[in-house]
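Trainee: I would like a close look at one part of this model, with its surroundings described in enough detail that I can follow them in the viewer. Please take it step by step.

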Amino acid sequence: MSDRKTLTFLLMDPPYENPRSTTALRFVDAAVRRGYDVNVFAYEGAVLLPFAKQAPHPNAAHGRNAEEENHPLPRKWIAALQAAAERNGSTLGWVNCGLCVVERGAGESIPGVSRGGPADFWKMSLASDNTLVIPTK
């Protein structure tokens with residue numbers, strides 16, 4: 001039996017809309033770096049955070065090409081978090097709400113992301129030492 005602690009996060013906000021998504025990913029990063037096992041349940045717009053088709057783009061208003069613009073892609077941040085968890089010997093389980101995925105056409109996620117439903121969040125919470133819900137406004 002492991003003494004490792006498990007934290008669960010429920011995220012609701014899509015990427016780019018407000019700072020809650022970035023803050024939530026910072027919480028996940030801090031937990032992974034400290035060696036926690038982490039579960040994330042993405043609900044509503046948050047299912048777009050690991051969307052595989054996110055792409056960099058130029059910014060014509062500022063005269064920058066895609067490389068110069070260096071637009072942040074949450075899918076890359078999540079992949080980096082998955083890799084960090086693996087390096088630390090911990091886990092990062094990410095479950096997207098299946099109904100939310102269908103509603104938003106976000107069916108293509110990065111590897112390591114699964115689909116589920118609210119019951120999965122409930123099960124994650126029961127198995128966790130603590131749970132943080134970061135709701136939409």
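In what sense do strand β2 (residues 37–42) and β3 pair, and over how many bridges?

Mentor: This is a predicted model. Strands β2 and β3 pair in the parallel sense, over five bridges. To find the register, look at valine 38, which stands opposite leucine 92 in β3.

β3 also pairs with strand β4 (residues 113–116), again in the parallel sense, and here there are four bridges. Two residue pairs fix the register there. Tryptophan 94 has valine 113 in β4 as its bridge partner, and asparagine 96 stands opposite arginine 115 in β4. The connection from β3 to β4 involves helix α4 (residues 98–104), and the three elements make a right-handed β-α-β unit. As for burial, β3 covers residues 92–97, and five of these six residues are buried, so the strand is largely enclosed by the rest of the structure.

Part of the surroundings of β3 is helix α1 (residues 19–33). Its buried residues pack against β3, and also against β1 (6–11), β2, α3 (74–88) and β5 (130–134). The residues of α1 that are buried are Ser21, Ala24, Leu25, Val28, Ala31 and Val32. They cover an arc of only 120° around the axis, and therefore lie on the same side of α1. The spacing in the sequence can be read with a general rule in mind: an α-helix has 3.6 residues a turn, so residues three or four places apart point the same way. On the other side of α1, Pro19, Arg26 and Arg33 are exposed. The length of the helix gives no surprise: 15 residues at 1.5 Å a residue should span 21 Å, and the end C-alpha atoms of α1 are 21 Å apart, which agrees.

Leucine 25 is a useful residue to follow from α1. Its relative accessibility is 6%, so it counts as buried. If neighbours within four places in sequence are left aside, leucine 25 is in contact with Trp77, Ile78, Leu81 and Trp94. Trp94 takes us back to β3, where the bridge partner of tryptophan 94 in β4 is valine 113. Leucine 25 and alanine 84 are 59 residues apart in sequence, and their C-alpha atoms are 13 Å apart in space.

Alanine 84 is one of the buried residues of α3, along with Pro74, Arg75, Ile78, Leu81, Gln82 and Ala85. What covers these buried residues includes α1, β3 and β4. The 15 residues of α3 should also span 21 Å at 1.5 Å a residue, and its end C-alpha atoms are 21 Å apart, which agrees. After α3 comes glycine 89, with a positive phi near 80°.

Going back to β2, look next at its aromatic residues and their surroundings. A search of the whole structure finds two aromatic pairs. Phenylalanine 41 and phenylalanine 121 form a tilted pair, with 5.9 Å centre to centre and 40° between the planes. This pair links distant parts of the chain, since phenylalanine 41 is in strand β2 and phenylalanine 121 is in helix α5 (residues 118–126), 80 residues apart. Both phenylalanine 41 and phenylalanine 121 are buried. Ring pairs join Phe41, Tyr43 and Phe121 into a cluster.

Two loop residues deserve a check of their backbone. Most residues other than glycine have a negative phi. Glutamate 44, in the loop between β2 and α2 (66–69), has a positive phi near 50°. With a relative accessible area of 28%, glutamate 44 is partly exposed. Tyrosine 16, in the loop between β1 and α1, has a positive phi near 75°. At 45% relative accessibility, tyrosine 16 also counts as partly exposed.

To sum up the part you asked about: β3 pairs in the parallel sense with β2 and with β4, and it is largely enclosed by the rest of the structure. The buried residues of α1 pack against β3, and β3 is among the elements that cover the buried residues of α3.

Technical notes: Residues numbered from 1 in each chain as written. Predicted model: local features only at pLDDT ≥ 70, side-chain atom pairs only at ≥ 80, totals over all residues. Heavy atoms only, no water. Buried < 20%, exposed > 50% of the residue type's maximum accessible area, 1.4 Å probe, protein only. Helix = DSSP H or I, 4+ residues; strand = E, 2+ residues; numbered from the N terminus. Pairing = 2+ DSSP bridges. Right-handed = clockwise from strand over helix to strand, strands pointing away. Phe/Tyr/Trp six-rings, centres within 6.5 Å; stacked < 30°, edge-to-face > 60°. Contact = heavy atoms within 4.5 Å. Expected span 1.5 Å × (residues − 1). Arc of directions from axis to C-beta.
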